[in-house]
Amino acid sequence: MHCPICAHENIAGVDQCDGCGWEIGQTDIPLPTDALSALLLEAQISEIATRDPVSVGVEASVAEAVELMREHDIRALPVLEGTGLVGILTERDLVLKLDPWDAGTERSVRDLMTPDPVVVKPEDMLGTAVHRLCVDNVRFLPVVEGEQVVGIVALRDVLRRLVPALVG
Amino acid sequence: MPVSDEFRRTPISALVRRPLNSVGIDTTLRAAVQLLREENVRYIGVLEGTRLAGMLTERDLVKRAYGSAVGPDTPVSEVMNASPRTLHPQDSLQTALDLLDRERYRHVALVDDRGRPHGVVTIRGIMQFLAESMPETVLNLPPDPTKAPSTAEGA
């Protein structure tokens, strides 16, 4: 069993990691059995994340956010208050909450964003990203270190990394 | 069976979870947006008769509708993508994967020889298929291993 903290390979069933002392008795991280599962369990999210993503302030207008999406050809914007992540604004939020013909209104990003988005850490494994994307039914995962947004991962980024292993 | 073998053997139609929600080509933007919301989908087909004439996606709305001069009565045909890439229902899953990856699409409609739509293959559908094919590696992971309980539930 690989320790999720230090990656030390322990004998299956041990209660504590021999490498760092972490209590791993209750965690159940499987061992890789082929190239695909090795990729999911060993590759880190930092390898596929877009670093320093374009973001928007929580008080910005929706029109500004739409302009950012168009200019950078992106589908989601981490929403910041100061330097901290407070939400995410996606195309989905726009379509669900604002009629296109009303887009000239001065509603703020705060009104339309999804607050407290699901996040991942740079050192999380690729399998965690797939887990989050499927179980939480989201398409974008901000990558955070402490309070700072350091990247963003899209469903597409994960698929792109997996394609070589999937098609052999 | 290794998942990569499953990908090669699985017909593309196995990933179509539901039929393509569609509107007629003369439908207003208001009605099209309403359908996107009601069905909680990110794309709809636009039909001319029974033939797929275009697709309307969230992306099309952000690129061509928000902040432009469109009104609720604008025909959907003025905002849709009138030449979407499509696949045939007999195409392989690997072909779909290549296309979605290479062309950066998120979904591709399946269209038969007569131009009739037969559902959509999406990146999410493929990812879900992958997760279900290897649940022990993906779905059973603790969401955050560092927060896994150190004692059994209820102990």
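These are my notes on how strands pair and helices pack in chains A and B.

**Entry 1: the model**

I am working from a predicted model. I looked up chain B strands, then chain A strands, then the helix contacts.

**Entry 2: chain B, strands E1 to E3**

I started with strand E1 of chain B, residues 22–24. E1(B) pairs with strand E2, residues 43–48 of chain B, over three bridges. The sense of that pairing is parallel. I picked out B:Val23 and found its bridge partner in E2(B) to be B:Val46. Next I followed the chain from E1(B) to E2(B). The path goes through helix H2 of chain B, residues 29–38. This β-α-β crossover is right-handed.

E2(B) also pairs with strand E3 of chain B, residues 51–57. Here the sense is antiparallel, and I noted six bridges. B:Ile44 has B:Leu56 in E3(B) as its bridge partner. E2(B) and E3(B) make a hairpin, with two residues between them. I checked the turn and found B:Gly49 with a positive phi of about 70°.

**Entry 3: chain B, the sheet E4-E5-E6**

I then turned to an open sheet of three strands in chain B, ordered E4-E5-E6. Its pairing is mixed. Which strands stand at the edges? They are E4 (86–87) and E6 (117–122) of chain B. Each has a single partner strand, so one side of each lacks a neighbour in the sheet.

I looked at E5(B) and E6(B) more closely. E5(B) covers residues 107–111 and is joined to E6(B) by four bridges. The two run antiparallel. For B:Ala109, the bridge partner in E6(B) is B:Val120.

**Entry 4: chain A, the sheet E2-E3-E4-E5**

In chain A I found an open sheet of four strands. The order is E2-E3-E4-E5, and the pairing is mixed. Strands E2 (56–57) and E5 (114–115) of chain A are at the edges. Each of these has a single partner strand, so one side of each is without a neighbour in the sheet.

E2(A) pairs with strand E3 of chain A, residues 76–81, in the parallel sense. Two bridges hold that pairing in my notes. One of the partners I looked up was that of A:Val56, which is A:Val79 in E3(A).

**Entry 5: chain A, the hairpin E6-E7**

Strand E6 of chain A is residues 140–145, and strand E7 of chain A is residues 148–154. They run antiparallel and are joined by six bridges. A:Val143 has A:Gly151 in E7(A) as its bridge partner. The hairpin of E6(A) and E7(A) has two residues between the strands. There A:Gly146 takes a positive phi near 65°.

**Entry 6: helices H5 and H6 within chain A**

I measured nothing here; the values are computed from the model. The axes of H5(A) and H6(A) come within 10 Å and cross at roughly 135°. That angle makes H5(A) oblique to H6(A). The crossing is left-handed. From H5(A), the contact uses A:Leu126, A:Ala129, A:Val130 and A:Leu133. From H6(A), it uses A:Leu155, A:Val158 and A:Arg161. By class I have six nonpolar, no polar and one charged.

**Entry 7: H5 of chain A against H5 of chain B**

Now I crossed between chains. Helix H5 of chain A is residues 126–135, and helix H5 of chain B is residues 123–133. Their axes come within 10 Å and cross at roughly 115°. H5(A) passes H5(B) in a left-handed crossing. Which residues of H5(A) and H5(B) meet? In H5(A) they are A:Val130, A:Leu133 and A:Cys134. In H5(B) they are B:Met127, B:Gln128, B:Leu130 and B:Ala131. I logged six nonpolar, one polar and no charged residues for this contact. A:Val130 and A:Leu133 also appear in the contact with H6(A).

**Entry 8: H6 of chain A against H4 of chain B**

Last, I took helix H6 of chain A, residues 155–167, and helix H4 of chain B, residues 93–103. The axes come within 11 Å and cross at roughly 150°. H6(A) and H4(B) are therefore roughly antiparallel. The crossing is left-handed. H6(A) contributes A:Leu159, A:Arg160, A:Val163, A:Leu166 and A:Val167. H4(B) contributes B:Gln94, B:Leu97 and B:Asp101. These residues divide into five nonpolar, one polar and two charged.

Technical notes:
Residues are numbered from 1 along each chain as its sequence is written. Chains are lettered from A and ligands numbered from 1 in the order in which they are written. This is a predicted model: local features need pLDDT of at least 70, side-chain atom pairs count only at pLDDT 80 or more; totals for chains, interfaces and linings use all residues. Axes are lines fitted to C-alpha atoms, for helices over the stretch in contact, and angles run from 0 to 180 degrees between N-to-C directions. Angles under 35 degrees count as roughly parallel, over 145 as roughly antiparallel, 65 to 115 as roughly perpendicular and the rest as oblique. A crossing is left-handed if the near helix is turned anticlockwise from the far one by less than a right angle, and right-handed if clockwise. Two residues are in contact if their C-beta atoms, placed from the backbone, lie within 7 Å. Ala, Val, Leu, Ile, Met, Phe, Trp, Tyr, Cys and Pro count as nonpolar, Asp, Glu, Lys and Arg as charged, and the others, Gly among them, as polar. Two strands pair if DSSP finds at least two bridges between them. A crossover is right-handed if, with the strands pointing away from the viewer, the path from the first strand over the helix to the second runs clockwise.
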